[in-house]
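Biologist: I would like a close look at a single part of this model, explained for someone in a first year of study. Please take it step by step.

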Amino acid sequence: MSASKKTAKRTLLVTSATLLSAALTAPVPAFAAPKPTPSASPSVTPPAKMSTVGGERLGQAGTQVNLATGVPVIPKDITARSWIVSDAESGDVLAAHNAHWRLPPASTLKMLFADTVLPKFPRTLKHKVTPAELADVGAGSSMVGIKEKETYTVHDLWLGVFLRSGNDAVHVLSHMNGGIGATVKEMNEHAEELQALDTHVVSPDGYDERGQVSSAYDLTLFARSGLQKKDFREYCSTVSAKFPGETKKNKKGKSARGSFEIQNTNRLLAGDSDISVYQGIAGVKNGNTTNAGATFTGVAERGGKVLLVTVMNPEKNEHNEVYKETARLLDWGFRAAGKVQPVGELVAPKGSEGAGAQPGSTDAADSGSGEAGGGSGDGSGKGDSSASPVAKASSGAGSDGGGMGVALGIAGGVVVLLAGGAFLINRRWPLPELVRRRR
């Protein structure tokens, strides 16, 4: 080979190597950015740039609040990596801390699951569980105790989702909805519709998965949207209920199926040894996994104000810390409401910006917007707009839709809704006397 040819070949090799190195080290274009992947130990530092959905201040790291004369200071003992306090009705964000930090959500993601799937099936629909529907439930998942080859109503399954955070119930409902993949796809589409752009769903139950993230801001959007559904409000505020057990033969050799009581794991709703029931609490959902730590979104009403607080991953490692920090932020919110200038807003879903409450608007259960069975529990699918907002104090059979310990019964026409393309705000959310008596 001639010297000139050797030189040309060497030049070609060097050039190829240089181009390959540049390709491997070049920044990934924004449109091809990989999905975020939560690690076993999420970063203790929020990203320098976060989403500004809802306002520029919400995209800034650290605590955002407009302190002024008469405005109480934020409690000093809040250790959560991310939190947000907002007015559930007006959408005003009263204060926030790393509101758009994308973190693992744990079972608070079930709020999006419920908001997406709950309207699909009437509560009286019966379903026999197959082995395949429980085969893909993650190891160590929270379970309500669903058994293969047993029949449950949709009402039973949703009690399992909301009260016991049952991943088994989520998977059964997901398979009824066309499968895990189809349900995840719908959840991601619904999140985008709600402008919850920090969220990426991988598993419908919130089980730790690589790439599964949300934010305090997005979880609050899910809660606010879900609370517009009558059944969602009922389930998330139910304190305790009866759940169908396994069919067994009794002493006489006859098959019989009993039931067992399940209690809501939301400690601000049910209480615990070191925490009292929060006055005015009415839901929403809690979660806890290795990656996420403890997460919680709660809604409460006092003095005509309805507040939503979301807290993600308190660094203080004490029993029920996520609920204690939520309670402190709720207390601050009720003291600050009407005094503090908001730092942002909870945006409305796509295509509904600017829609306002119209006189005579009714609740979703009474407007034919796909409410799952209404509030009467009679399987008629009709809501009762004349019903008084009264909660029943005792638990009843999980399959008949009545007699549950419900902390939030709301008459038709008194809550915001997403129906017919309108996102209605500035409406009262009265709570039942049962909640008001909890001091």
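Biologist: Does N320 count as buried or exposed, going by its relative accessibility? Please describe the surroundings of that residue as well.

Modeller: The model is predicted, and everything below should be read with that in mind. N320 has a relative accessibility of 11%. The cut-off for buried is under 20%, so N320 counts as buried. This residue lies in the loop between strand 10 and helix 10. Its phi is near 60°, a positive value in a residue other than glycine.

The helix that follows this loop comes next. Helix 10 covers residues 321-336, which makes 16 residues. From the first C-alpha to the last it reaches 22 Å, close to the 22 Å expected at 1.5 Å a residue. Of its 16 residues, 12 are buried, so helix 10 is largely enclosed by the rest of the structure. Among the buried ones are E321, V322 and Y323 at the start of the list, and W332, G333, F334 and A336 at its end. E325, T326, A327, L329 and L330 are also buried. What do these buried residues pack against? Their partners are strand 2, strand 3, helix 9 (267-270), strand 8 (281-289), strand 9 (293-302) and strand 10. Just after helix 10 there is another positive phi, of about 85°, at G338.

Strand 8, one of those partners, has a feature of its own. The peptide bond that joins G283 and V284 is cis, with omega of about 25°. V284 has its place in strand 8.

On the other side of the loop is strand 10, residues 305-314. N313 is found in this strand. Its relative accessibility is 13%, so N313 counts as buried. Leaving out residues up to four places away in sequence, N313 touches T79, A80, R81, N291, A292, G293, A294 and T295.

A80 and R81 in that list fall within strand 2, which spans residues 80-87. Strand 2 and strand 10 run antiparallel and are joined by seven bridges. Within this pairing, S82 stands opposite M312 of strand 10. Strand 2 is mostly covered, with eight of its eight residues buried.

Strand 2 also pairs with strand 3 (residues 92-97), again in the antiparallel sense, over four bridges. Here W83 has H97 in strand 3 as its bridge partner. Strand 2 and strand 3 form a hairpin, with four residues between them. In the turn, G91 has a positive phi of about 85°.

For comparison with N320, consider S165. It is not a glycine, yet S165 has a positive phi of about 55°. S165 is found in the loop between helix 4 and helix 5. At 7% relative accessibility, it counts as buried.

The two helices beside that loop, helix 4 (residues 154-164) and helix 5 (residues 167-176), pack at an angle of about 135° with their axes 8 Å apart. That angle makes helix 4 oblique to helix 5. Their crossing is left-handed. In the contact, V154, L157, W158, G160 and V161 of helix 4 meet A169, V170, V172, L173 and M176 of helix 5.

To return to the request: N320 is a buried residue in the loop between strand 10 and helix 10.

Definitions and conventions: Residues numbered from 1 in each chain as written. Predicted model: local features only at pLDDT ≥ 70, side-chain atom pairs only at ≥ 80, totals over all residues. Heavy atoms only, no water. Buried < 20%, exposed > 50% of the residue type's maximum accessible area, 1.4 Å probe, protein only. Pairing = 2+ DSSP bridges. Expected span 1.5 Å × (residues − 1). Contact = heavy atoms within 4.5 Å. Axes fitted to C-alpha atoms, helices over the stretch in contact; angles between N-to-C directions. Parallel < 35°, antiparallel > 145°, perpendicular 65-115°, else oblique. Left-handed = near helix turned anticlockwise from the far one by under 90°.
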